[in-house]
Amino acid sequence: MSRELWLLRHGKAERYDGNEDYDRRLKKRGKRDVARMGAWLQEQGLLPDAVISSPAIRAIMTAKKVCDVLEIDREHILMDKRLYDEGMVRVKSVLADCPATSSRVLLVSHNPELEDLLTYLVNPTHLPETEKLLPTAALVRLVLPDDWTQLEKGCAELLCITSPKSLAEESEESIE
């Protein structure tokens, strides 16, 4: 049996104004986009077994909003400081600590760590050629081997990268 890892970049946040980056909150657009991603997960019948978030305010707001849309109790969100500004190796250590019983894990975090992890786990030839792989509120679905303690380069299969913008384009196409 293989397991899925879902990478969700936090929604659009307030501009960094020299104050504490950690405390930046989601903007109105960020809240809307994150709710849209939660609704998409719900429409697809995708519910995570575990939700792990960076403790930064914008990431927690993102995780809470998605959980609200999916009707998952917010108390199930695990916060892990290794997901905030500590690099890809630390993010991999969070994955290594995930219980093997969690077959679908939603990880809410930041760039550049998420893009670094994505380009490590997926063979680069299987990634789309784009300027920015993970815009804000984008969600990546990956299939990984069962054992997350020894994730090797190129070991994941990319199922999809979905962004709020692509969902908006799909909605417009279905209206036409």
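# Exercises on strands, cores and charged pairs

Val105 in β4 is the residue that stands opposite Leu5. The model used in these exercises is predicted.

**Exercise 1. Determine whether strand β1 is enclosed or open, and find which strands it pairs with.**

Step 1. Take the burial of the strand. β1 covers residues 3-9, and seven of its seven residues are buried, so the strand is largely enclosed by the rest of the structure.

Step 2. Separate the two faces. On one side lie Arg3, Leu5, Leu7 and Arg9, and on the other Glu4, Trp6 and Leu8; both sets are buried.

Step 3. Look up the antiparallel partner. β1 runs antiparallel to β5 (residues 139-144), with six bridges joining the two. Leu8 faces Leu139 of β5 in this pairing.

Step 4. Look up the parallel partner. Six bridges also link β1 to β4 (residues 104-109), here in the parallel sense. Glu4 stands opposite Arg104 in β4.

**Exercise 2. Describe the burial of β4 and its pairing with β2.**

Step 1. Five of the six residues of β4 are buried, so β4 is largely enclosed by the rest of the structure.

Step 2. β4 pairs with β2 in the parallel sense, over four bridges. Within this pairing, Leu106 of β4 is the bridge partner of Val51.

**Exercise 3. Identify the largest nonpolar core and the elements that build it.**

Step 1. Start from the general expectation. In soluble globular proteins, nonpolar side chains tend to be buried together.

Step 2. Give the membership. The largest nonpolar core has 28 residues, and those with the most contacts inside it are Leu5, Leu7, Leu107, Leu118, Leu121 and Leu142.

Step 3. Assign the core to elements. Two or more residues come from each of β1, β2 (50-53), α3 (88-96), β4, α4 (113-121) and β5. With five residues, α4 gives the most to this core.

Step 4. Follow one residue. Leaving out residues up to four places away in sequence, Leu107 touches Leu5, Trp6, Leu7, Leu8, Ile52, Leu83, Val91, Val94, Leu95 and Leu114.

Step 5. Note the other core. Apart from the largest core lies another, of 23 residues, including Leu8, Val34, Leu106 and Leu167.

**Exercise 4. Which residues of α4 are buried, and which elements do they pack against?**

Step 1. Seven of the nine residues of α4 are buried, so the helix is largely enclosed by the rest of the structure.

Step 2. The buried residues are Glu113, Leu114, Glu115, Leu117, Leu118, Tyr120 and Leu121.

Step 3. These buried residues pack against β1, α3, β4, β5 and β6 (157-162).

**Exercise 5. Find the aromatic pair and classify its geometry.**

Step 1. A search of the whole structure gives one aromatic pair. Its members are Tyr22 and Tyr84, with 5.1 Å from centre to centre and 90° between the planes.

Step 2. Planes over 60 degrees apart count as edge-to-face. The Tyr22 and Tyr84 pair is therefore edge-to-face.

Step 3. Place the two rings in the chain. Tyr22 lies in the loop between β1 and α1 (28-43), and Tyr84 in the loop between β3 (77-79) and α3; the two are 62 residues apart, so the pair links distant parts of the chain.

Step 4. Apply the burial cut-off, under 20% relative accessible area. Tyr84, at 17%, counts as buried. Tyr22, at 27%, is partly exposed.

**Exercise 6. Trace the salt bridges of Asp21, then examine other charged side chains.**

Step 1. The structure holds ten salt bridges. The side chain of Asp21 takes part in one with Arg24 (2.7 Å, N to O) and in one with Arg58 (3.1 Å, N to O).

Step 2. Compare positions. Asp21 is in the loop between β1 and α1, whereas Arg58 is in helix α2 (residues 57-70), so this pair ties together parts that are 37 residues apart in sequence.

Step 3. Check the arginines. Arg24 is buried at 17% relative accessible area, and Arg58 is buried at 5%.

Step 4. Turn to Asp68 and Arg74, whose side chains meet in a salt bridge (2.6 Å, N to O). Asp68 is partly exposed at 38% relative accessibility, and Arg74 is partly exposed at 40%.

Step 5. Look for shared partners. Arg29, Arg32, Asp33 and Arg36 are joined into one network by salt bridges that share partners.

Step 6. Add the contact between a charge and a ring. Arg3 of β1 lies over the face of Trp148, at 3.8 Å from the ring centre.

Conventions: Residues are numbered from 1 along each chain as its sequence is written. This is a predicted model: local features need pLDDT of at least 70, side-chain atom pairs count only at pLDDT 80 or more; totals for chains, interfaces and linings use all residues. Side-chain values use heavy atoms; hydrogens and water are left out. Buried means under 20% relative accessible area, exposed over 50%, partly exposed in between (1.4 Å probe, protein chains only). Two strands pair if DSSP finds at least two bridges between them. A nonpolar core is a set of buried Ala, Val, Leu, Ile, Met, Phe, Trp, Tyr and Cys residues joined through side-chain atoms within 4.5 Å. Contact means heavy atoms within 4.5 Å. Rings of Phe, Tyr and Trp (its six-membered ring) pair if their centres lie within 6.5 Å; planes under 30 degrees apart count as stacked, over 60 as edge-to-face and the rest as tilted. A charge sits over a ring if NZ of Lys or CZ of Arg is within 6 Å of the ring centre and within 35 degrees of the ring normal. A salt bridge is a side-chain nitrogen of Lys or Arg within 4 Å of a carboxyl oxygen of Asp or Glu.
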